[in-house]
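Q: Could you pick one part of this model and take me through it up close? I'd also like to see how it sits alongside the rest.

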Amino acid sequence: MITAKKKTGLIFFPAYDWEISPSHPERQERLLYTQDQVMEEGVLDIEGITEFKAGLATEKDICRAHFCVPDVESRITPSHNVSAGGCIEAARLVMEGVVDNAFALVRPPGHHAMRVVHGARGFCNINIEAVMIEWIRKNYPHIKKIAVVDTDCHHGDGTQDVYWHDPNVLYISLHQDGRTLYPGSGFPEEFGGPNALGRNLNVPLPPRTSDEGMLYVMEHFVMPVLGEFKPDLIINSAGQDNHYSDPITNMSFTAGGYARLNEMLSPHICVLEGGYSIEAALPYVNTGIILALAGVDYSYIREPDLNPARIKEDPRIIDYIKRLTDTLLDLWNSRDNYEVKGEEIVRRSRNIFYDTDGISENQQESVRVCKNCSGTYKIDSSASTGYHILAVHIPWGACPRCREQGLAWFEKPGRNNYSAVYLQDMDNDEYTVKIP
Amino acid sequence: MIVGIDIGGTHTDAVCIRGRNIIATAKIVTGDDLVQTIRDAIGALSINYAGIRRTVLSTTLSTNAITEKKYAPAGMIVSAGPGIDPRRYFFTDDFHLVKGAIDHRGREYVPIDPAEVTRVADGLKKKGITGVGVVSKFSVRNPSHETSISSLIEKEFEHVSLGHTLSGNLNFPRRIHTTFFNTAVMPVQKRFVQSVRKALAELGIRSPLFFLKADGGTFSDSAADRHPVETILSGPAASMMGGLALCDDLEATTLMLDIGGTTTDIGVLIKGVPVLEPRGVDIGGYKTLVRGIKVMSVGAGGDSRVSLAGQDIRVGPHRDGPPACMGGPSPTPMDALAVLGQFSKGDREKAVRAIAPIAGQLGQDISEVSRRIVSIMIDVIRKSAGEFIDEVNRYPVYTIFEMLHPEVVKPDRVMAIGGPAALLSPFIEESFDMRCAVPDNAMVANAMGAALARTTRQITLTADTQLQRMICPELGLDEKISPTMSMNELKKRGEQALRDNASRLGILDKGEISILEEQVFNIVRGFSTTGKNMRLKLQTKPGVIDEWSEA
């Protein structure tokens, strides 16, 4: 009989009846072998590890994190309600103290979904972590500061986007260098919006980084930063495609490395993201993460075909990572030196491509520079689908001036041919859509 | 005629049934010699033995052997490969870890080392061990390591139990426990079956002999010889099956209460089918793969001790002895019923004397206090029943369809059996706000359950068309299949296998084959479908035998 040191909740939702298409990596079979491994290892019989049923995220939950165009219903399938609902359930278990930590082993994933949603990007429609985080903030207002550590191999450009302007959510992404992998972003200079400088930290790792390099970054960069940020809650976006066997990436991480990472990070909530080596990686990585969360010895969890010598990184990779870490630390330490001066509104313009659905979007974003709150912002977004919308976000704890500005943007959109104008008012928990 | 005997810890019930008629019933005190108890129980029925064509036993033999650790020393040879350290599941020095690794799809990564296995077996033999259990991880996906180890050692031991034959379900630690217990209780069970056969023959009973299993089904004596571990916890199964046999509404969701002296057993029947433990039953603090009816036992029965904690009346969880009105030491709910004039067999004066001090301390009328005692006892049961139902409704689901169409279990009615059931029924109706049926013959419901339970078996088939392999662990099948095999073909193969092996599996009456689980996954590699992974669980349906339910 094995007893866990920490009470760990597991929400397992493999969505055995959902796929993007029959041969897509995001298909029914994805978590089948993980379930087999977890069952065969008897993980759920460990005293302290308990499986719970997923829940269903509501439209209201989703609208706290997203502007779905034209509406939520047309952008998601019930599978997304369940995978986001699974995350919410994991959060509820932690927040109510039923468990010490929880792992939402759900699909479909979410970290490529941005604040505005015209379609699916990188297999993601809605950002399941963001939906969960906003649910936590709504229901547990004492949770002020949240850190998301994203260990998926792909840069979580969606989570970065949702929290770009939010100084209370620290987003750290460790991923394969965007010059070599989708979505091509995630560089150190993407450092957060004008009101949230230093709250967005990207660690682009060179291809073939293995356990040593990844754990070096964890120990010398992620953990010290978290130590200074002092989050009330830590979330791991636990993508598993850094694994040496993953078919669509080029890294060399192992199940043991993932377990060690989670032991070090000790997150309150883990959320499964990507990871498509469904037979050779996921069964072992997920088992390792669950055991690490529960504080159970994971040292015997190993891939049957593991050959440590073959995946050991070149010393030059380690040198590169050490230099990168130093640079990132300097950047982090100087975060207070950066300041936007003399401007009330900062604008940016960008193009976003939805690879899964083949949609392109153009965004004009305006944010109010504010010392008293996270700052209200608006997004003018037009997509190749024909929709042209305006989305206004009034953040949690908005100061009176930002609230006034946000409401003014919503009331007077400035042009009258938007297909719809949206308002997300966090403090009042209101989501309003106006069709001119 | 069918004879059913339920040997309980204190009492043994026997019943003789013909068609839909109960010919005779008997209740005797269980003696130390179980074979003699069986002889006495059959004798007490006073029936003509020549007409018996089926005898079914529910015994505490294997349950007690395990919980009291009265079993033969058994050896275990376990191969695991990477994963949680299996040595954490070893509980005697005779468990041995050997080389060998198989993955989740049944592919071999590390072969077994015959020399190592032989060395371990020699060591066990030198210690005088006669039975060995063999378990490998993922043996239900590829039993070859278990079977090769077995063929290396089987000549050296009286019996060898293989993990994959005991259950087709995944769960390596439970497989280790289940196989160990099966090996350890086998000599006890074999001796018992032999003695019972002899005793029945001496009485002139030549009917086939069956044993009740934890899942509320029966199997033949020869199957029980090989899989004795499946007879654990057949007592609670007998009472749930008895309730099912006596149930007059098979469409309802019924909350079953078996109210005894010390405890009340809670179970649920959904449309005539008992709710099972999802992963297997627990025994003696160990988790097993033995399929069993989900039963929650709560320490509130007719003889539970009634005490005061401050101003609060407590019922149970302990029993000091019989009720005060029957000469026992402490006040009990039965005494409260005696005070209220409901339990006329007891001495009301003694009951009043036992409850009076409590009423005195509370400064309340003794009838009022008696009513409270009964209602508190029912409250304890109702609370546990609520937890039971919540647990069942928390069973996770894995498809969007089930998430969007949840089947919420909500009982429509209560059925109570056991000694105090009839007296408590009006109180239960009031507290649960539901009809509470107490069937006739509720006193021998357990024996009825044993007598009338169908034979049941479950088999698991996993077919991997990419690897061109089909495994059915319970039957030891490991077959090459066509890369184009379909789910329909797999179903046909499974049904055929179930029929072909009926007698080996201990199925003797005609049983309806039903599908428990069916899943098909496309195996996609490099963006094209390379095969199908199909999983199928078939069973002969649990329930009561046709003569009873159709008559």
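A: First, a bit of vocabulary: helices here are DSSP runs of at least four residues, strands are DSSP runs of at least two, and both are numbered from the N terminus. Also keep in mind that this is a predicted model.

Let's start in chain B. An unreviewed UniProt entry lists residues 3-156 of chain B as "domain: Hydantoinase/oxoprolinase N-terminal". That span is 27% helix and 31% strand, and its end C-alpha atoms lie 39 Å apart. The domain assignment of chain B, for its part, gives domain 1 (75-184), domain 2 (248-439) and domain 3 (458-550).

The part to zoom in on is strand 5 of chain B, residues 75-79. Is it covered or open? Mostly covered: five of its five residues are buried. To count as buried, a residue needs 20 or more other C-beta atoms within 10 Å of its own. In a regular strand, side chains alternate between the two faces of the sheet. In strand 5 of chain B, B:Gly75, B:Ile77 and B:Ser79 are on one side, B:Met76 and B:Val78 are on the other, and both faces are covered.

Now for the neighbours. Strand 5 of chain B runs parallel to strand 9 (residues 131-136) of chain B, and five bridges pair them. Strand 6 (residues 95-98) of chain B is also parallel to strand 5, joined to it by four bridges. B:Ile77 is a handy residue to follow here: its bridge partner in strand 9 of chain B is B:Val134, while in strand 6 of chain B it stands opposite B:His96.

Further along chain B, UniProt (again an unreviewed entry) places "domain: Hydantoinase A/oxoprolinase" at residues 175-457. This stretch of chain B is 43% helix and 18% strand, with its end C-alpha atoms 18 Å apart. Look for helix 14 (residues 445-452) of chain B: eight of its eight residues are buried, so the rest of the structure largely encloses it. Among those buried residues are B:Asn446, B:Met448 and B:Leu452. As for the domain layout, the C-alpha centres of domain 2 and domain 3 of chain B are 40 Å apart.

Hop over to chain A and you'll find another buried strand to set beside strand 5 of chain B. Strand 4 (residues 101-106) of chain A has six of its six residues buried, so it too is largely enclosed by the rest of the structure. On one side sit A:Asn101, A:Phe103 and A:Leu105, on the other A:Ala102, A:Ala104 and A:Val106, and both faces are covered. Strand 4 of chain A pairs in parallel with strand 1 of chain A over six bridges, and A:Gly9 stands opposite A:Ala102. Strand 4 of chain A also pairs in parallel with strand 10 (residues 269-272) of chain A, this time over three bridges, with A:Phe103 opposite A:Cys270.

Finally, how do the two chains meet? The contact takes 37 residues from chain A and 37 residues from chain B. On the chain A side, strand 1 (3-13), helix 1 (32-40), strand 2 (47-52) and helix 4 (78-95) each supply at least two residues. Helix 1 of chain A gives the most, with six. By class, the side of chain A that touches chain B has 20 nonpolar, five polar and twelve charged residues.

Key: Residues numbered from 1 in each chain as written. Chains lettered and ligands numbered in written order. Predicted model: local features only at pLDDT ≥ 70, side-chain atom pairs only at ≥ 80, totals over all residues. UniProt positions renumbered as here; feature names shortened; annotations may be inferred. Contact = placed C-beta atoms within 7 Å. Nonpolar A, V, L, I, M, F, W, Y, C, P; charged D, E, K, R; others polar. Domains from an automatic or database assignment. Buried ≥ 20, exposed ≤ 12 C-beta atoms within 10 Å, placed from the backbone. Pairing = 2+ DSSP bridges.
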